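Student: I would like to work through this structure one question at a time, with the reasoning spelled out. Could we begin once it is in view?

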Amino acid sequence: MKPEDGEKRVRTEGLWLKCEKCGQIVWRKALEDNFQVCPKCGYHGRLDARTRLTMLFDEGKFEQFDTCLVSTNPLEFVDTKKYSDRLAASQAATHLRDAIISAGGSLNGRRVHICAMELKFVGGSMGTVVGEVITRAIERSMEQKAPLVIVSASGGARMQEGAISLMQLGKISAALMRLDQARVPYISVLTDPTTGGVTASFAMLGDLNIAEPGALIGFAGPRVIEQTIRQKLPAGFQTSEFLLQHGFLDAVVKREDLKNYLSKTLDFLAPAPAEKAEAGAVTRAS
Ligand SMILES: [Zn+2]
């Protein structure tokens with residue numbers, strides 16, 4: 001009997017998970033089917049970049065861009081580990097070259113570009129590769145007049161690339177200004193967590209900045225702020241809901257509503273894409 005018991009235990013291992021928020025036991029499959037939102041309390045767990053894109057694009061289909069860009073490790077940085085080892089470990093764990101996937105496809109029938117950040121890759125930090133991939137996505141959106149969505153999940157700039165990673169802030173912001181002048185919409189979606197240099201640049205520069213419920217969003221961490229201003233911070237400080245209340249965000253949108261929210265908003269911001277209008281004109285003429 002005993003070996004059989006052992007076998008059973010091995011088989012059921014990992015099938016059930018405990019929700020971080022409500023502590024209830026949730027079937028792993030139910031959580032996956034629900035895109036990591038707890039079916040019992042609605043807690044929004046973290047979602048990887050690939051699943052995020054599968055969720056947003058029609059039929060889960062999308063094409064990927066700039067997949068061959070790789071960090072050159074410009075500073076040959078070493079902290080507790082070599083940066084090159086960190087990169088190799090993250091690449092092996094995520095099967096990505098860096099902390100972002102840039103994709104194009106249809107969202108409720110409309111051509112869009114979506115960049116999704118991958119938190120599991122060196123903390124979703126923004127180095128030269130992330131900066132370049134986003135800039136190219138912006139330029140592609142501009143050329144094709146297709147709206148851009150960036151889903152952020154990031155610890156901020158990548159320390160191991162020092163000032164070169166900080167320079168990405170300026171590069172991306174300048175490209176976003178050109179996108180704005182070209183009147184192509186950009187929606188920023190902030191997810192848990194979005195902090196540091198990412199909050200300080202493109203995550204807060206959308207025509208609309210929206211966040212998922214309960215996400216941690218901030219620039220510096222609460223301890224640093226408390227030490228600087230010598231005041232206790234209010235409860236819920238740096239959550240999506242707090243930021244919405246204080247005018248830093250335009251909306252807090254549940255994950256299950258995100259796709260339709262983006263679609264409706266884009267209909268409002270860019271009602272008649274050039275292709276569609278032309279196609280309509282041809283139909284009327286014939
Ligand atoms: Zn829960």
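Student: Is Lys29 buried, partly exposed or exposed in this predicted model?
Tutor: A residue counts as buried under 20% relative accessible area and as exposed over 50%, with partly exposed in between. Lys29 has a relative accessible area of 41%, so Lys29 is partly exposed.

Student: Which residue forms a salt bridge with Lys29, and how far apart are the closest N and O atoms?
Tutor: Lys29 lies in helix 2, residues 28–33, and its partner lies in that helix as well, four residues apart, which is about one turn of the helix. The pair meets the cut-off for a salt bridge, a side-chain nitrogen of Lys or Arg within 4 Å of a carboxyl oxygen of Asp or Glu. The partner is Asp33, and the closest N and O atoms are 2.9 Å apart.

Student: How many residues apart in sequence are the parts that Glu63 and Arg111 tie together?
Tutor: The side chains of Glu63 and Arg111 meet in a salt bridge, at 3.3 Å from N to O. Glu63 belongs to strand 3 (residues 63–65) and Arg111 to strand 5, so this pair ties together parts of the chain whose separation in sequence is 48 residues.

Student: Are Glu63 and Arg111 buried, partly exposed or exposed?
Tutor: Glu63 has a relative accessible area of 39%, which makes Glu63 partly exposed. For Arg111 the relative accessibility is 30%, and Arg111 therefore also counts as partly exposed.

Student: Which residues are linked with Asp66 in a network of salt bridges?
Tutor: One salt bridge of Asp66 is with Arg136, where the closest N and O atoms are 3.2 Å apart. Because Asp66 lies in the loop between strand 3 and helix 4 (83–94) while Arg136 lies in helix 5, this pair ties together parts that are 70 residues apart in sequence. The residues linked with Asp66 in the network are Glu132, Arg136, Arg140 and Lys171.

Student: How many salt bridges does the structure hold?
Tutor: The pairs we have discussed include Asp33 with Lys29 and Glu63 with Arg111. The count for the structure is 16.

Student: How many residues of strand 6 are buried, and which of them lie on each side?
Tutor: In a regular strand the side chains alternate between the two faces of the sheet. In strand 6 both faces are covered, with Leu148, Ile150, Ser152 and Ser154 buried on one side and Val149, Val151 and Ala153 buried on the other. Strand 6 covers residues 148–154, and the number of its residues that are buried is seven of seven.

Student: Which residues stand opposite Leu148 in strand 5 and in strand 7?
Tutor: Strand 5 (residues 110–117) and strand 6 run parallel and are joined by four bridges, while strand 6 and strand 7 (residues 186–194) pair in the parallel sense over six bridges. Leu148 is the bridge partner of His113, and in strand 7 the residue opposite Leu148 is Tyr186.

Student: What is the handedness of the β-α-β units that contain strand 6?
Tutor: Strand 5, helix 5 (residues 128–144) and strand 6 make one β-α-β unit, which is right-handed. From strand 6 the chain then crosses through helix 6 (residues 162–181) to strand 7, and this β-α-β crossover is right-handed.

Student: Why does Cys68 form no disulfide?
Tutor: A disulfide is a covalent bond between the sulfur atoms of two cysteines, and the cut-off used here is a pair of sulfur atoms within 2.5 Å. Cys68 is exposed, with a relative accessible area of 58%, whereas Cys115, found in strand 5, is buried, at 1%. The closest cysteine sulfur to that of Cys68 is in Cys115, and it is too far for a bond, at 15 Å.

Student: Which residue has a positive phi in the loop between helix 6 and strand 7, and is it buried or exposed?
Tutor: The residue in that loop has a phi of about 60 degrees although it is not a glycine. Its relative accessibility is 74%, so it counts as exposed, and the residue is Arg183.

How values were computed
Residues numbered from 1 in each chain as written. Predicted model: local features only at pLDDT ≥ 70, side-chain atom pairs only at ≥ 80, totals over all residues. Heavy atoms only, no water. Buried < 20%, exposed > 50% of the residue type's maximum accessible area, 1.4 Å probe, protein only. Helix = DSSP H or I, 4+ residues; strand = E, 2+ residues; numbered from the N terminus. Pairing = 2+ DSSP bridges. Right-handed = clockwise from strand over helix to strand, strands pointing away.
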